[in-house]
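Let's walk through this model together, going from one residue to its surroundings and then out to the sheets. Keep the structure open beside the text as you read.

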Amino acid sequence: MSGYRHLLITRSDDGHVVTVTLNRPEQMNAMNTAMGEDLLACFDGFQRDADARAIVFTGAGDRAFCAGGDLKERNEMTDETWRAQHVIFEQAAFRVLRCPLPVIAAVEGFALAGGCELAILSDFIVASETAVFGVPETTLGIFPGIGGTQLLPRIIGAPLAKELIFTGRRMRADEAKAAGLVNRLVPTGQARATATEIATTIAANGPIAVRQAKKAIAYGAETDLDTAMILAIEAYNATVVTEDRLEGVRAFNEKRKPQFKGK
């Protein structure tokens, strides 16, 4: 994974934990067209990545995870160009949401507008005390365009999501933690390290089991309970026939750590 213009991609020594860093720190990691194209290509690649097992999604520098869309770039756009750019953002967002691997957002500083949406498209958020979340699009006559109106109500409940979206007010880290938007609240500068620690723990588990669990949770939450239970049983059946399941049972009985191969 190389050759991106506005992303930095790094891997753990074993290749299992991938860190994806939005890399426009002077612009508070605001998304321009090139970054959108990079995100689309990068997360599309995770569909076929046999080594990766967990992703840390973060922003360069300590000022922002992502401050949203690059409005300076957009100021010069025609309506047609704006729509074409947004299609790229929409597709990239869907790739993040439906990434088969766990995605942990590590947030320092601002996560606003599309940046907040990118964070909540992830599976969960680790944030430092400096984190500030918000979806202020309506204050500019715009609209949260990559899932904020759908994801925020599901995460924090409709009434609070409506307040944030309708008013555009910002939510500081402690309120975000209390509301359930943030899983872990950590000291300043520690979001990436904590997210990496969690990702490393995930990567040591059975990768097929983790992928199937993510799929079962994602689709089961959107259907009735009987159908969701059937989905979960299918996920179980897809997991139990693997070599990794045999290795896990052997390792338990031999009192050692399992060595999973994703097979």
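Thr 239 is buried, with a relative accessible area of 17%; buried here means under 20% relative accessible area, exposed over 50%, and partly exposed in between, with a 1.4 Å probe and protein chains only. Before going further, please note that this is a predicted model, in which local features need pLDDT of at least 70, side-chain atom pairs count only at pLDDT 80 or more, and totals for chains, interfaces and linings use all residues. Residues are numbered from 1 along each chain as its sequence is written, and side-chain values use heavy atoms, with hydrogens and water left out.

Where does Thr 239 lie? Its place is in helix 10, residues 225-240; helices (H or I, at least four residues) and strands (E, at least two) are DSSP runs, numbered from the N terminus. The side chain of Thr 239 reaches back to the backbone oxygen of Ala 235 at 2.9 Å. That is a polar contact, a pair of N or O atoms within 3.5 Å; within protein, one must be able to donate a hydrogen and the other to accept it, and residues adjacent in sequence count only if both atoms are side-chain atoms. Leaving aside neighbours within four places in sequence, Thr 239 is in contact (heavy atoms within 4.5 Å) with Ile 208, Ala 209, Gln 212 and Arg 245.

Several of these names lead us to the helix pair. Helix 9 (residues 207-220) packs against helix 10 at an angle of about 170°, with the axes 9 Å apart. Axes are lines fitted to C-alpha atoms, for helices over the stretch in contact, and angles run from 0 to 180 degrees between N-to-C directions. Helix 9 and helix 10 are therefore roughly antiparallel to each other, since angles over 145 degrees count as such, while those under 35 are roughly parallel, 65 to 115 roughly perpendicular and the rest oblique. From helix 9, the residues at the meeting are Ile 208, Ala 209, Gln 212, Ala 216, Tyr 219 and Gly 220; from helix 10, they are Ala 228, Leu 231, Ala 232, Ala 235, Ala 238 and Thr 239.

Now turn to the sheets. Six strands form an open sheet in the order 1-2-3-5-7-10, with mixed pairing; two strands pair if DSSP finds at least two bridges between them. Strand 1 and strand 10 (184-186) stand at the edges with a single partner strand each, so one side of each is left without a neighbour in the sheet. On average, neighbouring strands of this sheet are turned by 20° against each other, direction ignored.

At one edge, strand 1 (residues 7-11) runs antiparallel to strand 2 (residues 17-22), and five bridges join them. Here Thr 10 stands opposite Thr 19 in strand 2. The hairpin has five residues between the strands, and Gly 15 takes a positive phi near 80°. At the other edge, strand 7 (residues 124-128) and strand 10 pair in the parallel sense over three bridges, with Ser 128 opposite Val 186.

Just before strand 1 comes a segment that holds Arg 5. Its side chain makes a polar contact of 2.8 Å with that of Glu 37. Not counting residues up to four places away in sequence, Arg 5 touches Ala 34, Glu 37 and Asp 38. For a sense of span, the C-alpha atoms of Arg 5 and Ala 228 are separated by 40 Å.

A second open sheet has four strands in the order 4-6-8-9, again with mixed pairing. Strand 4 (64-66) and strand 9 (171-172) are its edge strands, each pairing on one side only. Strand 4 runs parallel to strand 6 (residues 110-112), joined by two bridges, and Cys 66 stands opposite Ala 111 in strand 6.

Next to consider is Asn 29, in the loop between strand 2 and helix 1 (33-45). Asn 29 counts as buried, at 0% relative accessibility. A polar atom of its side chain lies 2.9 Å from the backbone oxygen of Ala 64. Among the residues that Asn 29 touches beyond four places in sequence are Leu 22, Met 35, Ala 64, Phe 65 and Cys 66.

How many disulfides are there? The count comes to zero, with a disulfide taken as a pair of cysteine sulfur atoms within 2.5 Å. Cys 66 is in none, and the nearest cysteine sulfur, that of Cys 116, is 10 Å away. Cys 66 is buried at 0% relative accessible area, and Cys 116 also counts as buried, at 2%.
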